[in-house]
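Biologist: I'm new to this one, so could you walk me through it? I'll ask, you answer.

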Amino acid sequence: MSDHKQEALAGESFCACSADPSRRALLAATAGLGAAAGIGAAVPFVASFTPSDRARAAGAPVEVDLSGLRPGEKLVVEWQGKPVWILRRTPEMLAGLKTLDDKLVDPGSSAAEQPAYVSGEARSIAGKEEFFVCVGICTHLGCSPSDKFATGADSGMGEGWKGGFLCPCHGSMFDLAGRVFKSMPAPTNLVIPPHTYLSDTRLLIGQDSKGA
Amino acid sequence: MLTAKELEDKGRQALAWVDERFPLSVLYKTHVSEYYAPKNFNFWYLFGSMALLVLVIQIVTGIFLVMHYKPDASLNAAGVPVAFASVEYIMREVPGGRFIRYMHSTGASMFFIVVYLHMFRGLLYGSYRKPRELVWLFGMAIFLCLMGEAFFGYLLPWGQMSGWGAQVIVNLFAAIPVIGPDLSVFIRGDFVVSDATLNRFFAFHVIAIPLVLLGLVTAHLIALHEVGSNNPDGVEIKERKDEQGIPLDGIPFHPYHVVKDVLGAVVLLIVFSIIVFFMPEGGGYFLEYNNFMPYDQLKTPPHIAPVWYFTPYYSMLRATTSSFLPFLWLLVALIVGLTWRGCSCVWIRRACLLVVAGAYWGFFGLTLFGFTKPPFDLAIAGIHLGLGLDAKFWGVVMMGGSVMLFALLPWLDRSPVRSIRYKGVLYKAILAVFVICFLILGYYGTQPPSPVGNVVSQICTILYLAYFGLMPWYSKLDKCKPVPERLTWK
C-alpha cells in the first residue's frame with residue numbers, strides 16, 4: 001500500500017512542475033462538452049420512463065346501465081384502469097350521512113377532489129343524491145376499500161357505524177359518501193370522477209355534466 | 001503419458017504464464033490463502049458466506065426462470081394475464097420448473113433471514129466501527145438493493161399481492177411534496193400499475209439491480225479485506241503481528257475459515273431443501289396465498305400484507321398517524337436538546353436551533369399556546385397541507401428513514417469498546433429491547449390493522465428510533481469492561 005502512495009505522490013509532483021495551463025482550458029472544454037453530450041443522451045432514456053402515447057390515449061368514457069341496480073347495491077366498473085363504484089343509496093343511508101359531521105375530517109368536502117357540479121354531504125349531482133359515483137381507490141396508498149354496508153354493532157365496525165367502506169391495507173374508514181373519518185391514514189375524501197347522466201338509467205363516467 | 005511430476009511442472013508453467021499477464025496468484029493469496037482472519041470467529045460469522053451462497057442460488061435459478069417467464073400483462077386466449085400464466089406454466093409443465101421456482105422464492109426469504117442475522121452480528125460486535133465504516137456502508141447499499149430486488153421481483157408473477165403491493169409502494173412516492181404525484185406516474189410508466197410497470201420492473205429485477213448488487217458485493221469484500229475482519233472480541237488483530245507481519249491472532253481464510261463456512265453452507269442447504277421440498281409456501285409467509293390469484297385491479301384482497309421481511313417497516317408506515325406525530329416530535333426534540341447540550345461545534349448548535357424553531361412553530365407552537373380554535377388550526381392545517389407535510393408524508397419518511405438509520409451507526413456509537421462482550425448491562429438491555437421491538441413490528445405488519453396493534457406498533461416505532469437516536473449518549477453512559485489485548489478463545 002505504501003508503495004502505491006509513494007507512486008501517487010511522485011506522480012503529483014511530476015504533474016505540478018510540467019503543467020501546461022493552456023491545455024487546462026482544452027481539458028475543461030472537453031469535459032464540459034462531454035457532460036453536455038451525456039445529459040443530451042440521457043434525455044430519451046428518461047423520457048422513455050413517462051407514459052407512452054398509447055397509455056395517455058387510454059381512458060375513454062364508460063357508459064353504465066343503472067336500470068338493474070337496486071337500492072343498497074353497488075356496481076363496479078373499470079374506468080382508466082381504476083375501479084369506479086356506483087352505489088345506489090337507500091333513504092336510511094342518506095339520512096345517516098347527515099349525522100356524521102363531527103367525526104369526519106372534511107364533512108363539506110372542501111379539500112376533496114370532485115367536480116364542481118357535485119355537492120352536499122351526499123356528494124352527488126343535484127337531484128341524483130340516490131346514486132354515489134366515486135373512484136374506489138383509497139386516497140392513502142391506493143388500495144380499493146371493501147364494502148361495510150351493515151350498520152351498528154353487527155357490522156364489526158363499532159356501535160355507531162352507519163355503513164361505509166374500510167380500506168383493507170391501512171384501515172382507513174369512509175362513510176357512504178366516501179368521506180374519510182378522523183385519525184385515519186387517508187388524508188382526503190375519496191375522489192369523484194367526472195360523470196353525467198345521459199338519461200334516468202344511463203350514466204356516463206369520464207365526461208363532465210354540462211350546465212349543472 | 002506424463003508422470004505426476006511432469007504434470008505438476010506443466011501446471012506451474014501454465015500458472016506462471018497467467019501470472020505474468022494477470023495477477024491470479026496475487027489475488028488468490030490476498031483474498032484467500034493469505035487473508036488472515038481472526039481465529040475466534042463464532043456462529044455469527046457464518047452468515048456473510050451464506051449470503052454469498054444464496055446470491056449465487058438466486059442468480060442461477062433466476063437465469064433459468066427467465067428462459068420460461070413472460071413479462072406480459074395482456075390477457076391470453078383463456079383470459080388469464082400472460083405473466084401469471086407463464087408462472088403457472090413453469091410450475092406445472094416445465095420439467096423441474098416447480099423446483100427452480102421454489103428455489104428462487106425460498107431463496108428470497110432465506111436471503112433476508114441470512115442478511116438480517118449478518119447485520120445483527122454487526123450490532124453485537126460493533127463491526128461497523130472505525131475503520132470499517134465503508135464495509136458497513138457498502139453493506140447497507142447491498143441491503144437496499146436486496147429490498148429493491150425483492151420488491152421488483154414480487155410484481156412479476158402478476159398475482160393479487162404483486163399488483164396491490166406495487167400499487168401501495170409506488171403510491172408511497174406520491175406522498176413526496178410537489179413532485180410526488182408525477183414521480184409515481186414516472187415510476188409506473190402509466191397512470192395505474194400496468195404492462196408498462198411490469199416490463200420495467202422485470203428489467204430492474206433481472207439486470208439493472210443485479211449488476212449494481214454484484215459491484216457492491218465486490219466493493220464490500222475489497223473494503224473488508226483492506227481493513228481486515230472484526231471479531232467477537234472487537235480487538236484489532238493487526239495491532240499485534242509476528243516477524244513476518246502476520247497477525248498473531250489471525251489464521252488464513254483458506255483452509256481454516258473455508259472449512260467452517262462449508263459446514264455452514266451444508267446446514268443452510270439442508271434447511272433450504274426442507275423448505276423447497278416440504279413447505280415451499282412457508283405457511284403463506286414465503287409465498288402469499290392471495291398471490292395465487294391473477295391481479296384484479298378492481299378489487300383489493302380483504303387482507304393484504306407485504307412478505308414477512310418488509311413487515312417491520314410496513315408496521316412503522318402504518319403506525320405513523322397524525323395523532324402519533326407529536327410523540328415523534330418529542331423524541332426529535334429530546335435528541336436535538338441533548339445534541340445542543342453535548343456539542344460545542346457552533347454550526348451543529350445553530351442547526352439544532354433551526355430544527356427546534358421550525359418544529360416549534362410548525363408543529364407545537366400554536367397548539368401549546370391554545371391556538372387550537374379557528375382560524376389558527378386552519379392556518380396550521382393549511383401550512384401542512386400546502387407543503388404536503390401530512391401524516392402520509394411522514395409515514396413514508398419514517399419507512400425509508402428507519403432503514404437508512406443503520407447507515408449512521410458508525411458515527412452514533414460512542415462506546416469505548418466495540419464488542420458486546422465488553423459492553424455493560426445498559427447496551428445489552430437496549431439491544432434486547434430493540435430486537436424485541438423489531439420482531440413485534442414484524443409480527444403486526446403481517447396482521448390486519450387493529451387499534452391494539454397500532455398502539456403497540458407506535459410504541460415499538462419510538463423505541464426503534466430511540467435505539468439509534470439516543471445511542472451517542474447511552475453508549476457513553478454504559479459501564480464497559482476492560483478489553484483484553486489479544487483474542488480470547490477456548
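Biologist: Let's start small: is B:Arg12 buried or exposed?

Modeller: First, this is a predicted model, where local features need pLDDT of at least 70, side-chain atom pairs count only at pLDDT 80 or more, and totals for chains, interfaces and linings use all residues. Residues are numbered from 1 along each chain as written, chains are lettered from A and ligands numbered from 1 in the order written, and side-chain values use heavy atoms, with hydrogens and water left out. Buried means under 20% relative accessible area, exposed over 50% and partly exposed in between (1.4 Å probe, protein chains only). B:Arg12 has 51% relative accessibility, so it counts as exposed.

Biologist: Which residue does B:Arg12 meet in a salt bridge?

Modeller: Side chains of opposite charge can pair when their charged atoms come close. A salt bridge here is a side-chain nitrogen of Lys or Arg within 4 Å of a carboxyl oxygen of Asp or Glu. The partner sits about one helical turn away, because the two are 4 residues apart in helix 1 (residues 4-19) of chain B. With N to O at 2.5 Å, that partner is B:Glu8.

Biologist: And which residue forms a salt bridge with B:Arg92?

Modeller: B:Arg92 is exposed at 63% relative accessible area, while its partner is partly exposed at 26%. Both lie in helix 4 (residues 82-92) of chain B, 4 residues apart; helices are DSSP runs (H or I, at least four residues), and strands are E runs of at least two, numbered from the N terminus. The closest N and O atoms are 3.3 Å apart, and the partner is B:Glu88.

Biologist: Is B:Lys423 buried or exposed?

Modeller: B:Lys423 meets B:Asp413 in a salt bridge at 3.2 Å, N to O. B:Arg129 is linked with these two in a network of salt bridges. Like B:Asp413, B:Lys423 is buried.

Biologist: B:Ser475 touches B:Asp413 too, so which backbone nitrogen does the side chain of B:Ser475 reach?

Modeller: B:Ser475 lies in helix 19 of chain B and is buried, with a relative accessible area of 3%. A polar contact is a pair of N or O atoms within 3.5 Å; within protein, one must be able to donate a hydrogen and the other to accept it, and residues adjacent in sequence count only if both atoms are side-chain atoms. On one hand, a polar atom of this side chain lies 2.5 Å from the backbone oxygen of B:Met471. On the other, at 2.9 Å, the side chain reaches the backbone nitrogen of B:Arg414.

Biologist: Now the two chains: which helix of chain B gives the most to the side that touches chain A?

Modeller: Chain B and chain A bury about 2,400 Å² between them, buried area being the accessible area (1.4 Å probe) that two parts lose on being put together, summed over both. The contact (heavy atoms within 4.5 Å) takes 27 residues from chain B and 29 residues from chain A. There are 8 residue pairs in polar contact between them, both at pLDDT 80 or more. With 5 residues, the top contributor is helix 7 of chain B.

Biologist: How many salt bridges are there between chain B and chain A?

Modeller: The structure holds 18 salt bridges over all chains. Between chain B and chain A, though, the count is 0.
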